Amino acid sequence: MTATARFTAASPVRDPRTQRLLDAPILPLLIRLALPNVLIMFAQASTGLIETWWVSKLGTDALAGMALVFPVVMLMTMISAGAVGGGISAAVARALGAGKRAEADALVLHAVAINLCLGLIFSAIFLLWGREIYGALGGTGGELDAAVAYSNIVFAGNIFVWLMNGLASVIRGTGNMIVPALFTCIGVVFLIPISPLLIFGYGPIPALGIVGGGLALLLYYAAGTLFLGGYILSGRAAARFRAGRLSGRLMGDILHVGALSSVQSVLTNVIIAGATALVAVRLGVEGVAGFGTGIRLEYLLIPLVFGIGAPLVALVGTNLAAGQTLRARRIALTGAALAFGVTELIGLSAALFPEAWLRLFSEESGAVEAGVAYLRIVGPFYGFIGLGLALYFAAQGRRQMALPISCAVVRLVVALGGGWLGLALTGRVEAVYVALALGIVLYGSGMLAGVLRKAW
């Protein structure tokens with residue numbers, strides 16, 4: 001029997017967990033699904049913060065080197081978990097929402113195959129041309145050496161980043177946010193002692209420096225791959241692993257959303273990398289370290305909103321597949337309002353008390369000054385990041401990515417084009433920060449206007 005025939009014959013009876021996504025009151029359901037997912041994303045982002053805090057003890061060159069690599073590492077996370085991962089979750093959710101259980105099972109194998117291939121491709125790129133890439137981002141001397149050393153160890157095991165996030169996306173697509181959250185929290189507890197142990201050494205374990213931080217991160221992702229893979233293989237997930245031939249249609253279901261979503265992820269990281277290069281031209285290594293530390297808080301918002309957005313992918317996709325269009329739209333707008341409130345609160349707190357964040361990582365006056373200026377100018381507009389990203393995840397559930405990409409392009413042009421022009425005209429790095437803030441506002445408000453205007 002062919003794969004297509006099996007999918008056609010699938011029973012329309014839905015799993016009880018899927019039925020809850022279609023029937024339960026929206027706000028309590030969204031909060032219940034988002035809370036463990038926010039926890040998982042916050043914990044996952046904390047792994048990077050833990051590393052940064054320990055690496056900062058190695059000096060400014062090491063901290064600046066991590067600032068150069070961090071946008072690239074976040075790009076891997078955003079594409080594997082948010083973009084391609086969103087495509088995986090959306091495909092699984094739509095299959096379960098339509099009662100196609102066999103198709104949902106088959107998508108597990110396709111998710112693994114896609115993420116394995118993409119992980120290997122990105123590993124090859126950065127292992128072969130990492131020094132040239134980080135040099136183009138403004139890295140020189142000791143900071144460039146530190147960036148390359150850290151990048152090489154991370155990308156040597158990049159497939160574990162992709163596989164763990166792919167398997168987590170399958171589970172989230174079923175509406176189960178608890179299991180991925182459970183492992184991630186355990187993993188953070190594991191990293192707290194392991195990172196400094198490998199960075200600074202102890203007893204027979206040699207001090208590996210910045211390389212040790214990368215190795216600790218890889219151990220975390222490898223363990224996550226084994227844990228989540230074992231959970232799916234046990235048959236406890238609503239989508240189960242089944243061996244079989246790969247289907248072009250199912251690959252397309254994932255990649256249609258994943259490839260287009262990746263464009264936004266790339267554009268977001270191009271903005272951060274481009275702004276880092278502009279700051280490097282004006283302020284040098286201390287400015288890069290301070291700006292990188294400040295903007296890391298913005299990066300922390302992305303996984304936080306992902307905690308709200310991943311349920312939106314599953315909820316919107318499941319409800320649309322079941323024909324509940326009006327409910328799907330109400331879910332999207334409810335999630336967007338929730339994301340705006342959370343991220344705006346963080347942004348305002350950062351703008352009012354920027355040094356409380358920055359001095360966790362550096363006491364260098366130049367670094368702190370650059371970070372303070374960034375947070376005071378851009379922080380008050382962080383709510384528009386949450387607003388736009390939440391609606392981006394809802395768009396994944398709809399399989400309609402034109403609006404998010406258009407708004408991301410507008411943000412790119414305004415942030416980097418305006419930042420470059422402002423820096424050229426004024427010679428002040430604050431002009432770059434103003435352009436970044438304006439780009440954020442246009443992105444979020446453009447996403448909201450598009451959703452309110454366009455019929456579902």
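**Exercise 1. Describe how helix α7 and helix α9 pack against each other in this predicted model.**

Solution. Begin with the axes: those of helix α7 (residues 158-173) and helix α9 (residues 210-233) come within 8 Å and cross at roughly 35 degrees. Next comes the sense of the crossing, which is left-handed for α7 and α9. Then list the residues that make the contact: α7 contributes N158, F160, V161, L163, M164, L167, A168, V170 and I171, while α9 contributes L218, Y220, Y221, A222, G224, T225, L228, G229, Y231 and I232. Finally, sort the residues by class, and the contact of α7 with α9 turns out to have 15 nonpolar, four polar and no charged residues.

**Exercise 2. Find out which residues have the most contacts inside the largest nonpolar core, and which helix gives the most to this core.**

Solution. The largest nonpolar core has 138 residues, and those with the most contacts inside it are Y134, Y374, Y433 and L436. Turning to the helices, α10 (residues 248-321) gives the most to this core, with 24 residues. To see the surroundings of one of these core residues, take Y134, which, leaving aside residues up to four places away in sequence, touches L68, V69, V72, F126, G139, L144, A147, V148, S151 and F155.

**Exercise 3. Decide whether G397 and R411 are buried or exposed, and name what each of them touches.**

Solution. Locate G397 first, in helix α14 (residues 383-398). Its relative accessibility is 2%, and since buried means under 20%, G397 counts as buried. Not counting residues up to four places away in sequence, G397 touches A90, R94, V313, V316, G317 and L320. For G397 and L320, which are 77 residues apart along the chain, the C-alpha atoms are separated by 8.2 Å.

Now take R411, which lies in helix α15 (residues 402-426). With a relative accessibility of 7%, R411 also falls under the 20% cut-off and therefore counts as buried. With residues up to four places away in sequence again not counted, R411 touches T268, I271, E298, G439, I440 and Y443.

**Exercise 4. State where R399 lies, what its phi is, and how its accessibility is classed.**

Solution. R399 is found in the loop between α14 and α15. Its backbone comes next: although R399 is not a glycine, it has a positive phi of about 65 degrees. For the last step, the relative accessible area of R399 is 27%, and because partly exposed covers the range between 20% and 50%, R399 is partly exposed.

How values were computed
Residues are numbered from 1 along each chain as its sequence is written. This is a predicted model: local features need pLDDT of at least 70, side-chain atom pairs count only at pLDDT 80 or more; totals for chains, interfaces and linings use all residues. Side-chain values use heavy atoms; hydrogens and water are left out. A nonpolar core is a set of buried Ala, Val, Leu, Ile, Met, Phe, Trp, Tyr and Cys residues joined through side-chain atoms within 4.5 Å. Buried means under 20% relative accessible area, exposed over 50%, partly exposed in between (1.4 Å probe, protein chains only). Helices (H or I, at least four residues) and strands (E, at least two) are DSSP runs, numbered from the N terminus. Contact means heavy atoms within 4.5 Å. Axes are lines fitted to C-alpha atoms, for helices over the stretch in contact, and angles run from 0 to 180 degrees between N-to-C directions. A crossing is left-handed if the near helix is turned anticlockwise from the far one by less than a right angle, and right-handed if clockwise. Ala, Val, Leu, Ile, Met, Phe, Trp, Tyr, Cys and Pro count as nonpolar, Asp, Glu, Lys and Arg as charged, and the others, Gly among them, as polar.
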